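Biologist: Could you walk me through this model? I would love to hear about its aromatic rings and one of its helices.

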Amino acid sequence: MARERLSVAERRQELLCATVEQIEARGVDSVRIGDIAAALGVSNALVLYHFSTKEKLVAAAFAHAAERDLERLGRLMRRRTTAVRRLRAAVRWYAPIRPADGWRLWIEAWAAALREPALRAVARDLDRQWKAALTEVIAQGVAAGEFRCPDPTIAAQRLTALLDGLAVQVTAYGGALSQARVRQWADEALARELDLDRTALTAAAARR
């Protein structure tokens with residue numbers, strides 16, 4: 001059966017999604033143009049027509065994944081509810097509850113970014129936007145009197161550093177930390193940054 005004819009934009013989207021899946025399965029160093037082409041049942045030449053090199057395809061795939069994650073973060077942060085509820089939802093979504101949470105992709109990106117400037121720019125921009133979103137909502141909560149935090153920017157940096165570190169532990173050393181422990185540490189870290197105890201954080205997050 002002939003494959004459905006796709007527009008240029010649709011084909012690029014298909015290639016980027018397939019590349020993300022192949023990177024997660026094989027690792028960025030091992031994935032080849034042929035792997036992506038085989039996964040979609042297309043020729044290597046078609047892949048190279050849209051992305052002239054593997055490096056350009058991989059960088060675009062990471063950018064695609066970053067945009068997807070930032071869109072989800074934006075939806076969480078735009079909810080019409082308290083800052084505490086938005087922050088806890090964002091931290092719990094970001095927290096690496098299990099190795100299959102998509103963290104392997106970003107750990108691969110961090111490693112590749114040491115060698116590839118294009119990937120470094122993508123990873124840095126995702127990190128910057130994530131921290132900026134957290135900082136903004138923490139500042140909103142302070143202004144609304146929901147909690148106290150003397151420096152929202154530093155608080156966002158500490159939270160991100162903890163969650164990134166937990167991601168490496170959970171993804172690289174499967175079973176090293178339980179889901180309950182990861183949630184507990186994420187909640188405790190957020191409570192400390194907002195000058196709340198964990199019980200108060202849970203109660204505040206439960207209120208509408």
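Modeller: Happily; what follows is a short set of questions and answers on this predicted model.

Biologist: How many aromatic pairs does the structure hold, and which residues do ring pairs link into a cluster?

Modeller: The structure holds five aromatic pairs. Ring pairs join several residues into a cluster, namely W93, Y94, W103, W110 and W130.

Biologist: Is the pair of Y94 and W103 stacked, tilted or edge-to-face?

Modeller: The ring centres of Y94 and W103 are 5.1 Å apart, with 90 degrees between the planes. Planes over 60 degrees apart count as edge-to-face, so the pair of Y94 and W103 is edge-to-face.

Biologist: W103 also pairs with W110; is W110 buried, partly exposed or exposed?

Modeller: That pair is tilted, at 5.8 Å centre to centre and 55 degrees between the planes. W103 has a relative accessible area of 6%, so W103 is buried. W110 has 29% relative accessibility, and because buried means under 20% and exposed over 50%, W110 counts as partly exposed.

Biologist: Now to the helix: what span does α9 reach from its first C-alpha to its last?

Modeller: Helix α9 covers residues 179-193, which is 15 residues. At 1.5 Å a residue, 21 Å is expected, and the span of α9 is close to that, at 21 Å.

Biologist: Which helices do the buried residues of α9 pack against?

Modeller: In α9, the buried residues are V182, A186, D187, A189, L190, A191 and E193. An α-helix has 3.6 residues a turn, so residues three or four places apart point the same way. The buried residues of α9 pack against α5 (83-94), α8 (152-172) and α10 (198-206).

Conventions. Residues numbered from 1 in each chain as written. Predicted model: local features only at pLDDT ≥ 70, side-chain atom pairs only at ≥ 80, totals over all residues. Heavy atoms only, no water. Phe/Tyr/Trp six-rings, centres within 6.5 Å; stacked < 30°, edge-to-face > 60°. Buried < 20%, exposed > 50% of the residue type's maximum accessible area, 1.4 Å probe, protein only. Helix = DSSP H or I, 4+ residues; strand = E, 2+ residues; numbered from the N terminus. Expected span 1.5 Å × (residues − 1). Contact = heavy atoms within 4.5 Å.
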